[in-house]
Amino acid sequence: MSARVVPPPLPRGYWNPRTELMPRKELESLQLRRLQHMVAWAYARSPFWRRRLDAAKVVPDAIHGLDDIQRLPFLTKAELIAEQTAHPPYGELLTAPASVGVAYHHTSGTTGKTPFRVVESARDWSWGANAWARALYAFGLRSTDVVYLPFGYGPFIGFWGAHYAIQRIGATTVAGGAQPSEARIRQIIDVGATAIVATPSYAIRLGQIAAELGIDLASETKVVMTLHAGEPGPGIPATRTLIEGIWGAHAGDFLGMTETAGITAYECSEKRSGLHISEDYFLEEVLDPLTNEPVAMGEVGERVCTAFGIGLIPILRYRTGDLVRRIPGRECPCGRTFDVYQGGVVGRADDMRVIRGTNVYPSAIEGVVRCYPEIREFRIVLTKVQNLDEITIEVEATAGVAMEVAERLVPRLTKDLADAHEGLRFGVTLVPEGTLPIFELKARRLQDLRGDQA
Amino acid sequence: MDLPRERVTEAVAHARATEMDGGVLLVYQELKALLGRDDLDPATRANLVEALAAVSLVVHDLVLDYDMLYDLGV
């Protein structure tokens with residue numbers, strides 16, 4: 001990597017100031033009206049929701065305040081998939097014939113083998129792009145930008161929404177499509193891309209490949225922004241530092257999911273390591289994952305999402321599994337009244353593992369591993385040895401790093417991991433180059449083999 | 001199931017409603033009326049669907065109305 005390249009400051013601005021700057025009371029009143037309408041709509045038009053709300057003994061006009069959302073049943077991905085399995089392809093979720101749809105997508109399948117299928121109408125799809133556009137504009141993307149999307153454009157929703165959002169802002173999209181990383185890097189240079197959209201893992205991977213090619217992305221590209229979703233990346237300080245160093249650019253963090261089409265929370269140009277929640281588009285609860293009670297502001301809990309933007313497949317009280325820490329929007333100097341998820345997604349409820357009494361999150365491990373530029377990739381492997389849980393971090397050295405250098409970092413990394421986890425004993429193993437998988441989309445770095453060994 | 005309840009209007013009398021808001025609402029209502037017709041050519045219908053999808057987002061973002069438009073094919 002060359003001398004640090006400092007990108008120009010990000011421009012400040014609001015895509016839709018009417019709601020982004022809306023006083024909290026007015027915003028909450030707006031959310032209540034939209035909640036009432038969405039519940040009534042789902043009940044009137046979706047057989048699935050009619051059954052669920054009847055079973056929960058909730059009548060649509062029983063929603064008088066935002067707290068009444070707690071009367072609605074939770075919705076899980078497993079329930080959505082079960083419904084679609086029983087009534088393929090979309091279940092009885094739809095509020096209108098599927099023929100009104102113009103786009104099909106499905107989830108990545110990260111947490112389950114069967115993906116959840118969604119179909120969007122022209123308006124729903126356009127809304128998803130608008131939600132992305134708000135987010136990208138808040139971070140600083142403008143009509144003069146040229147944005148490269150090194151993305152496969154398959155049925156997983158991935159960065160499809162970002163693609164249309166970039167065009168909506170008036171910037172230029174360059175679709176990377178299905179081609180090798182090396183060709184993508186050369187194209188980023190050729191077209192003079194000023195921004196890229198990728199998962200944090202893939203942005204790092206492009207940097208590693210560029211280094212192998214003798215290309216310094218920070219000084220040889222015009223990229224000033226790297227825009228990320230799909231994984232908790234820029235929210236991890238060491239990962240943000242790594243990406244920003246590789247690209248000589250500002251790394252932005254965005255949170256969305258297939259089930260609700262658009263971006264739910266986004267980082268603004270102030271870069272305070274927090275994501276503003278699009279509260280006119282979503283009603284977000286943060287609950288204790290065990291008691292299901294709301295947690296206090298500033299405490300970590302599971303994000304539960306109700307979407308107002310799409311009505312063909314209503315999503316009410318959806319348990320996302322994302323662990324977040326919500327703080328008031330006023331703590332960010334940008335002026336937005338939307339509350340903030342401090343540090344983005346700080347973990348996944350379903351990713352947390354208890355190892356000999358210590359809570360372990362992959363994101364916390366990543367925060368330690370990314371401090372070592374000598375490490376290209378890592379994998380967390382959980383095993384059981386003589387009835388005791390063991391945790392091993394397999395690490396692969398960056399190309400060109402001498403073996404003795406790599407070997408020397410093992411004890412240091414072992415100690416740093418233990419220090420970050422209340423003294424928990426980690427195993428660290430160097431694996432040969434090319435052993436660990438490369439991720440273009442959502443990285444899966446946790447391998448829990450304990451069940452296989454029972 | 002109940003009769004289709006397409007319109008779940010927000011019916012917002014926005015405190016800061018402007019002349020521009022009124023203009024947007026007029027365009028929106030006109031587009032909906034046009035898409036309610038059954039004599040539109042395919043090209044006309046398709047492009048009006050796109051136009052209404054876009055204008056509905058303006059209406060939504062400006063907190064002027066909150067409709068479901070699926071019965072109009074949008």
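A residue is called buried here if 20 or more other C-beta atoms lie within 10 Å of its own, with C-beta atoms placed from the backbone. Keep that cut-off at hand for the tour, and remember that what you have open is a predicted model.

**Stop 1: helix 10 of chain A**

Select residues 237-247 of chain A, which form helix 10. By the cut-off above, A:Thr239, A:Arg240, A:Leu242, A:Ile243, A:Glu244, A:Ile246 and A:Trp247 are buried in this helix. What covers them? Add the surrounding elements to your selection: helix 8 (200-212), helix 9 (217-220), strand 6 (225-228), strand 7 (250-256) and helix 11 (362-369) of chain A are among the cover over the buried residues of helix 10. Now step just past the end of the helix. A:Gly248 follows helix 10 of chain A, and its phi is positive, near 60°.

**Stop 2: the two domains of chain A**

Zoom out and colour chain A by its domain assignment, with domain 1 covering 1-349 and domain 2 covering 353-448. If you place a marker at the C-alpha centre of each domain of chain A, the two markers will lie 28 Å apart. Where the domains touch, domain 1 of chain A supplies 21 residues and domain 2 of chain A supplies 16. Which elements of domain 1 give two or more residues to its side of this contact? They are helix 8 and helix 10 of chain A, so to speak your old friends from the previous stop. Helix 8 of chain A gives the most to that side, with five residues. Colour the domain 1 side by residue class and you should find eight nonpolar, ten polar and three charged residues.

**Stop 3: helix 5 against helix 6**

Stay in chain A and select residues 122-139 (helix 5) together with residues 160-169 (helix 6). Their axes are 8 Å apart, and the helices pack at an angle of about 65°. Angles of 65 to 115 degrees count as roughly perpendicular, and helix 5 and helix 6 of chain A are therefore roughly perpendicular to each other. Look along the line joining the two axes and check the handedness: helix 5 of chain A passes helix 6 of chain A in a right-handed crossing.

To see the contact itself, show side chains on both helices:

- From helix 5 of chain A, pick A:Gly128, A:Ala129, A:Asn130, A:Trp132, A:Ala133, A:Leu136 and A:Tyr137.
- From helix 6 of chain A, pick A:Gly161, A:Ala162, A:Tyr164, A:Ala165, A:Ile166, A:Arg168 and A:Ile169.

By class, this contact has ten nonpolar, three polar and one charged residues.

**Stop 4: across to chain B**

Keep helix 5 of chain A selected and turn on chain B. Chain B has two helices and zero strands. Of its 74 residues, 30% are buried. Among contacts in chain B with a separation of 6 or more, 65% are between residues 24 or more positions apart.

How many residues of chain B are in contact with chain A? There are 21, and they are in contact with 22 residues of chain A. The chain B side divides into 13 nonpolar, two polar and six charged residues.

Next, select helix 2 of chain B, residues 42-61. This helix and helix 5 of chain A pack at an angle of about 45°, with their axes 9 Å apart. That makes helix 5 of chain A oblique to helix 2 of chain B. Their crossing is right-handed. The residues to highlight are A:Ala122, A:Arg123, A:Ser126, A:Trp127 and A:Asn130 on helix 5 of chain A, and B:Val49, B:Glu50, B:Ala53, B:Ala54, B:Ser56 and B:Leu57 on helix 2 of chain B. This contact has six nonpolar, three polar and two charged residues. A:Asn130 is worth a label, as it is listed both here and in the contact with helix 6 of chain A.

**Stop 5: backbone oddities in the loops**

Most residues other than glycine have a negative phi, and most peptide bonds are trans. Three spots in chain A are worth a look with that in mind.

- Select A:Pro88 and A:Pro89: the peptide bond between them is cis, with omega near 0°. A:Pro89 is found in the loop between helix 4 (77-86) and strand 1 (101-106) of chain A.
- Select A:Lys57, where phi is positive, near 55°. A:Lys57 lies in the loop between helix 3 (47-55) and helix 4 of chain A, and counts as exposed because it has 8 C-beta neighbours inside 10 Å.
- Select A:Asn292, whose phi is also positive, near 65°. A:Asn292 sits in the loop between strand 10 (282-287) and strand 11 (300-307) of chain A. With 14 C-beta neighbours inside 10 Å, A:Asn292 counts as partly exposed.

Key:
Residues numbered from 1 in each chain as written. Chains lettered and ligands numbered in written order. Predicted model: local features only at pLDDT ≥ 70, side-chain atom pairs only at ≥ 80, totals over all residues. Contact = placed C-beta atoms within 7 Å. Nonpolar A, V, L, I, M, F, W, Y, C, P; charged D, E, K, R; others polar. Axes fitted to C-alpha atoms, helices over the stretch in contact; angles between N-to-C directions. Helix = DSSP H or I, 4+ residues; strand = E, 2+ residues; numbered from the N terminus. Parallel < 35°, antiparallel > 145°, perpendicular 65-115°, else oblique. Left-handed = near helix turned anticlockwise from the far one by under 90°. Buried ≥ 20, exposed ≤ 12 C-beta atoms within 10 Å, placed from the backbone. Domains from an automatic or database assignment.
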